[in-house]
Amino acid sequence: MVMRHGEYKVPGGKLVVVDLDDDGGQLSKVSLSGDFFLEPDEALDTINAALEGLPSNSSNVQLSKAVSDSLPADAHLFGFSPEAVAITIRRALGYASSWADHQWEVIRPTVQPTNINVALDEVLTQAVGAGKHQPTLRFWDWEEPSVVIGSFQSYRNELHPEGVQKHNISVVRRVTGGGAMFMEGGNCITYSLYLPQTLVDGLSFEESYAFLDAWVMAALKRLGIEAFYVPLNDIATDQGKIGGAAQKRLANGGMLHHVTMSYNIDADKMVEVLRIGKEKLSDKGTRSAKKRVDPLRRQTGLTREEIINTMIEVFKERYGATETTLSEAEFSAAQQRVIEKFGTEEWLHRVP
């Protein structure tokens, strides 16, 4: 038997470590450790004993329940949780992965038509899920004024036809849910992460958003911006919302996580193009759509390129990522996907 080792740093919490054996499909010699706090002391032995003999392929739910059920009524866990223990065990067994388990790549922004950018998201997510591409961070760039609507949004309910025509807006539907993105050349910073779902194994949907953007928060802090997540998927500062995220998980194990952050949006033009309903504005606690646009340019005084460079720098430092470019095959696949799907009226108006 080979001793298995797993580690998990709880976001905002402590490090959880486990060493164990996989003895014929069962957990054996389980030893939990870390810099967390646990009372009473004896609860550590109780947790180890509860995990002993469980099937090695136990789910996160089964593992965390075994831990929870074993704890005495007076037990207190500080800096970790039964769910964190479950993630650590599944990492040790190879069912879950960490950032360090992957060789990350970064693709710098190159100007592409917006429908190509959307198609590349699907192409590259599928490739990562199929094991044909390394997990990757890709920054978008585009020139034509565009609106990218969420997978489940109604075309007619989200757009003012007069504004679309007046400003020559290219409208594209993406594969992820969430809200519409108003995008002119240079007015936003948009990036996509293509990753295996093992990286977020054991995390709730809400937890996965903040987890996948922890490096972004570090990059923003380096730029002098104290940002935080507003559940489920908004990135904000004390001056207002600066971005939003969306995700898509594919059946082949690939996952897409992408974010658009405001840099220098023309709010007057945006409200001429988008139907921003009173219900959405009231939910955000504001009466004006313009107040929801809080450009990064104003908060940093930096160029868009300088901000992107800092983000890439932080990502590379954290995860040892190397820079690469799109291959001809990937670009051709995206072009074909536009012809077959993303450039069709059927896809664009699939929700009328």
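Student: In this predicted model, is Trp99 buried or exposed?

Tutor: The relative accessible area of Trp99 is 10%, and a residue counts as buried when that area is under 20%. Because its value falls under that cut-off, Trp99 is buried.

Student: How is the pair formed by the rings of Trp99 and Phe211 classed, by the distance of the centres and the angle of the planes?

Tutor: By the rule for ring pairs, the count in this model comes to 11 aromatic pairs. For Trp99 and Phe211 the ring centres lie 5.9 Å apart and the planes meet at 40 degrees. Planes under 30 degrees apart would count as stacked and those over 60 as edge-to-face, so this pair is tilted.

Student: How many residues apart are Trp99 and Phe211?

Tutor: Trp99 sits in the loop between α3 (82-93) and β6 (105-107), whereas Phe211 belongs to helix α7 (residues 205-212). The pair therefore links distant parts of the chain, and the two residues are 112 residues apart.

Student: Which residue forms a salt bridge with Arg337, and what is the distance between the closest N and O atoms?

Tutor: Arg337 lies in helix α13 (residues 328-342), and its partner lies in helix α4 (residues 114-129), so the pair ties together parts that are 215 residues apart in sequence. Arg337 is buried at 18% relative accessible area, and the partner also counts as buried, at 12%. That partner is Glu122, with the closest N and O atoms 2.8 Å apart.

Student: Is Glu317, which forms a salt bridge with Arg222, buried or exposed?

Tutor: Arg222 is partly exposed, with a relative accessible area of 45%. Glu317 has a relative accessibility of 52%, and because over 50% counts as exposed, Glu317 is exposed.

Conventions: Residues numbered from 1 in each chain as written. Predicted model: local features only at pLDDT ≥ 70, side-chain atom pairs only at ≥ 80, totals over all residues. Heavy atoms only, no water. Phe/Tyr/Trp six-rings, centres within 6.5 Å; stacked < 30°, edge-to-face > 60°. Helix = DSSP H or I, 4+ residues; strand = E, 2+ residues; numbered from the N terminus. Buried < 20%, exposed > 50% of the residue type's maximum accessible area, 1.4 Å probe, protein only. Salt bridge = Lys/Arg side-chain N within 4 Å of Asp/Glu carboxyl O.
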